[in-house]
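This report describes the fold, the packing and the ligand surroundings of one protein model. Please read it alongside the sequence and the structure shown here.

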Amino acid sequence: MTNTTIGIIGSGMIGANVARLAIAAGLDIVICNSRGPETLSELISDLGSNANAATIEDVINSSDLIVLAVPFPAYTNLPVDLLAGKTLIDTLNYYPQRDGEMPEVKTEHTATSEMVQSHLANSHVIRALNNVDFVRLLSSARPAGASDRSALPVAGNDPLSKDTVIKFLDKIGYDAFDMGPLSESWRSEPTTPVYVAPYMHSETSYVAQKVTVEIFKNAPGRTVTRDEVEILVKAAVRHDKMFGKLPEFAQD
Ligand SMILES: NC(=O)c1ccc[n+]([C@@H]2O[C@H](COP(=O)([O-])OP(=O)(O)OC[C@H]3O[C@@H](n4cnc5c(N)ncnc54)[C@H](OP(=O)(O)O)[C@@H]3O)[C@@H](O)[C@H]2O)c1
């Protein structure tokens, strides 16, 4: 088992674009969704020969580094025993509009990643890849050393797993800023300064104003250096509604 095969659970906007970045970095990926591998043929043919669709069991058995890219409530369905010992990248953000009301989410004292870690008690959950939108995630990736390379915040309790994830981010085009243990991961949750907006140019940011889907899909990213990520992460203020809000797009 090596980290040259990346498992991805969830094949939607974020899962597919993490797959694209990993493949561009020379890695293999194995990916699943909720409906079964036979429904992923179009995506696999788009991703090329380094990608395979599989069942969730085969994804987990194929890799020690697995990206969780499912809607937040689905974390409770993830198989605890099979995922034991694995390093998991938690990209999951809670959006009540999309995910439904979940009164058990208490962001004022528990980060959502801590809930994922509690469920997957024997896995190493690392918070990362949750604070940039799927379009800019793909378009803003840069090789190591590039002057316009961005950084992403990372949090986790297990140092080795965190190191593995930081190395993975480096391979797929990003520097990292270590926020500390998972209890600090609230600092990159929805509504915080480092969440989504800084990675977009303000004139195209749906946070600043309504934009069309077309503009959203084509808008360039903005470089957010490691130093800026550190400032933004430290400026975060905790409160009881750190939930995502879906963008309202203007008519095309
Ligand atoms: N979109 C972004 O820009 C972005 C950025 C950062 C973080 N995130 C977070 O990433 C997560 C995924 O978001 P998304 O936008 O990629 O959503 P999405 O496009 O709706 O994709 C969700 C994927 O999860 C799969 N899925 C759902 N339940 C599953 C289960 N129990 N087992 C295996 N696969 C399952 C779905 O499979 P089916 O299609 O077969 O149902 C689908 O492939 C969310 O928690 C979101 O907050 C998203």
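## Two residues with positive phi

In this predicted model, L129 has 28 C-beta neighbours inside 10 Å and therefore counts as buried, the cut-off for that class being 20 or more. L129 lies in the loop between β6 and α6 (134-139), and its phi is positive, at about 60°, although L129 is not a glycine. Most residues other than glycine have a negative phi.

V196 also belongs to a loop, the one between β8 and α8 (213-218), and its phi is near 60°, again a positive value in a residue other than glycine. Because V196 has 19 C-beta neighbours inside 10 Å, it counts as partly exposed.

## Overall dimensions and composition

The protein contains 9 helices and 8 strands, and its C-alpha trace spans about 40 × 40 × 35 Å along the principal axes. A compact globule of 252 residues would have a radius of gyration near 18 Å, and the 17 Å of the protein agrees with this.

Of the 252 residues, 44% count as buried. Among the contacts with a separation of 6 or more, 70% are made by residues 24 or more positions apart.

## The sheet

How are the 8 strands ordered in the sheet? They form an open sheet with mixed pairing, and the order is β3-β2-β1-β4-β5-β6-β7-β8. Since β3 (51-53) and β8 (175-180) stand at the edges with a single partner strand each, one side of each is left without a neighbour in the sheet. Neighbouring strands are turned against each other by 25° on average, with direction ignored.

Within this order, β1 and β2 pair in the parallel sense over 5 bridges, and G7 stands opposite V30 in β2. Strand β1 is mostly covered, with 4 of its 5 residues buried.

## Strand β5 and its partners

Strand β4 (residues 65-68) runs parallel to strand β5 (residues 87-90), and 4 bridges join the two. In this pairing V67 stands opposite I89 in β5, while L68 stands opposite D90 in β5. Strand β5 is also joined to β6 by 4 bridges, and these two strands run parallel as well; here I89 stands opposite I126 in β6. Residue I89 thus has V67 opposite it in one pairing and I126 opposite it in the other.

In a regular strand the side chains alternate between the two faces of the sheet. In β5, T87 and I89 point one way, L88 and D90 point the other way, and all of them are buried.

## Helices packed on the sheet

Helix α1 (residues 13-24) lies across β1 (5-9), β2 (28-32), β3 and β4, and it runs at about 165° to β2. Helix α9 (residues 226-234) packs on the sheet too, where it touches β7 (151-156) and β8, and its direction makes about 25° with that of β8.

Helix α5 (residues 112-119) is mostly covered, since 6 of its 8 residues are buried. Which residues of α5 are the buried ones? They are T112, S113, E114, M115, V116 and Q117, and they pack against β5, β6 (124-127) and β7. Strand β5 is therefore a point where several of these descriptions meet, being joined by bridges to β4 and to β6 and packed against by the buried residues of α5.

## Surroundings of the ligand

There are 24 residues around the ligand, of which G10, G12, N33, N93 and F134 come nearest. Which element gives the most to this shell? Helix α1 does, with 3 residues; this is the helix that lies across β1, β2, β3 and β4.

By residue class, the shell around the ligand divides into 12 nonpolar, 10 polar and 2 charged residues.

Terms used:
Residues numbered from 1 in each chain as written. Predicted model: local features only at pLDDT ≥ 70, side-chain atom pairs only at ≥ 80, totals over all residues. Pairing = 2+ DSSP bridges. Axes fitted to C-alpha atoms, helices over the stretch in contact; angles between N-to-C directions. Contact = placed C-beta atoms within 7 Å. Near = placed C-beta within 6 Å. Nonpolar A, V, L, I, M, F, W, Y, C, P; charged D, E, K, R; others polar. Rg over C-alpha atoms; globule rule 2.2 N^0.38 Å. Buried ≥ 20, exposed ≤ 12 C-beta atoms within 10 Å, placed from the backbone.
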